Amino acid sequence: MVLSKTASETDVSIHSTFASRYVRNSLPRFEMPENSIPKEAAYQIINDELMLDGNPRLNLASFVTTWMEPECDKLMMESINKNYVDMDEYPVTTELQNRCVNMIARLFNAPLGDGEAAVGVGTVGSSEAIMLAGLAFKRQWQNKRKAQGLPYDKPNIVTGANVQVCWEKFARYFEVELKEVKLREGYYVMDPEKAVEMVDENTICVAAILGSTLTGEFEDVKLLNDLLVEKNKQTGYLNHSIANGTLGIHVDAASGGFIAPFLYPELEWDFRLPLVKSINVSGHKYGLVYAGIGWVVWRTKSDLPDELIFHINYLGADQPTFTLNFSKGSSQVIAQYYQLIRLGFEGYRNVMDNCRENMMVLREGLEKTGRFNIVSKENGVPLVAFSLKDSSRHDEFEVAETLRRFGWIVPAYTMPADAEHVTVLRVVIREDFSRTLAERLVADFEKVLHELDTLPARVHAKMANAKANGVKKTEEETTREVTAYWKKCVETKKTNKNKIC
């Protein structure tokens, strides 16, 4: 949800250009117009405004799929008027969702017998999937504590400080304490040993990230599993945590779930580990579907409490449902099934191999410039996170801002606690990012750096004045001040943009 802002009082109308062939009067910007307008005019007015959006193919900030085959686009448009929740009316769509759940569960090595159905559900993204998985852990923990006559009002969950904001939402919305393992420079994922130290009898689960959004790195789920097993032997109180007697792990594989099985099949991170109870994955990231689809699967039926499943007799049949919403479109579910059968294991492996090869081209190109330190690792989600070797004159925020003039959208951001003084740029490699684009991006980076080298150092003018006045600061203090300055600049820019839109 975006918190809306109105424009100034002097700019309350939409003025069309070519649409004036059909309509001469301007339209109110924040009120429904009194009269209808021709369909051609409505299309042209909206199309003209959307021209100012960025190009999705050049949006290298996003993990979300921006290209699909025309045949899949056609399937999506043909099913765009189907409400997914009408299971009795659209039984084949429901069947396709069930097939996707079973394919994904088996991809993640769920312990299923012959003919046994997997337990899972399609969601609108990994955020909803994480909410559902978290609720299952919380309810399991509460039920066990109640049965033992123990307090159940202070649940907590252990994560790294690098988790996506949806984990903070889960903690706040569902009243669960979020215990975060802080990061440190050079180590930007959750430390399993520190995570296990934070675990107590009120911990509902430990969340591990397979593909950090900051650097693409996979957290060591196997080490986490082994450490938790050992701690359980030493303390015993972890037996109070969930119904089957051991504290569980949830793997947030939003980015890495469709990468690891194809690029790193020997890596143990999924249901091969006994404490992994649930996994979420984003179909709209490396599942190769447009935005709006995620999946969550559970190890066994016993890991999802029955009381969380609703049975609704709404449109003529019993409909079991475990979601946070009701109505939603069917297109993304159908598109996911298309990709799974169209590509198969071979096709997904080829796509991920290609993404990794293009990532290496970009990584090596940036290294050859001699201007960047590569922060991300070669293994993990195919992305490159990097920082300037010398930010004494210009920093990463300036580089990102100047790069926009070439059409590229590359984010610059600071790391979470306790590594806030580290600033990086990040380029996500998707299926539609080719080797040619990688080479062109490196060339544009060099142009940007050359241009910035010829300009005065705007950011550090304030620092120079402070130095002239005898104020001496450490390198870390200077970096933090520069970062704060640019954050303020970015926020001011956003605010001003909202005022005139």
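Leucine 288 sits in the loop between strand 8 and strand 9 of this predicted model. Its phi is positive, about 75°, even though leucine 288 is not a glycine. That's worth a second look, since most residues other than glycine have a negative phi. How buried or exposed is leucine 288? With a relative accessible area of 4%, leucine 288 is buried, because buried means under 20%.

The two strands on either side of this loop are partners. Strand 8 (residues 276–282) and strand 9 (residues 294–298) pair in the antiparallel sense, over 5 bridges. One of the matches puts isoleucine 279 across from valine 297, its bridge partner in strand 9.

Zooming out, these strands belong to an open sheet of 7 strands with mixed pairing, in the order 3-9-8-7-6-4-5. Strand 3 (119–123) and strand 5 (177–181) form the edges, each pairing on one side only. On average, neighbouring strands of the sheet are turned by 20° against each other, direction ignored.

Helices pack on this sheet too. Helix 3 (residues 91–107) touches strand 3, strand 8 and strand 9, and its direction makes about 60° with that of strand 9. Helix 5 (residues 165–173) also packs on the sheet, touching strand 4 (156–160), strand 5, strand 6 (203–209) and strand 7 (248–252). The direction of helix 5 makes about 145° with that of strand 5.

Back in the loops, asparagine 109 lies between helix 3 and strand 3. Asparagine 109 isn't a glycine either, yet its phi is positive, near 60°. At 34% relative accessibility, asparagine 109 counts as partly exposed.

How values were computed
Residues are numbered from 1 along each chain as its sequence is written. This is a predicted model: local features need pLDDT of at least 70, side-chain atom pairs count only at pLDDT 80 or more; totals for chains, interfaces and linings use all residues. Side-chain values use heavy atoms; hydrogens and water are left out. Two strands pair if DSSP finds at least two bridges between them. Helices (H or I, at least four residues) and strands (E, at least two) are DSSP runs, numbered from the N terminus. Axes are lines fitted to C-alpha atoms, for helices over the stretch in contact, and angles run from 0 to 180 degrees between N-to-C directions. Contact means heavy atoms within 4.5 Å. Buried means under 20% relative accessible area, exposed over 50%, partly exposed in between (1.4 Å probe, protein chains only).
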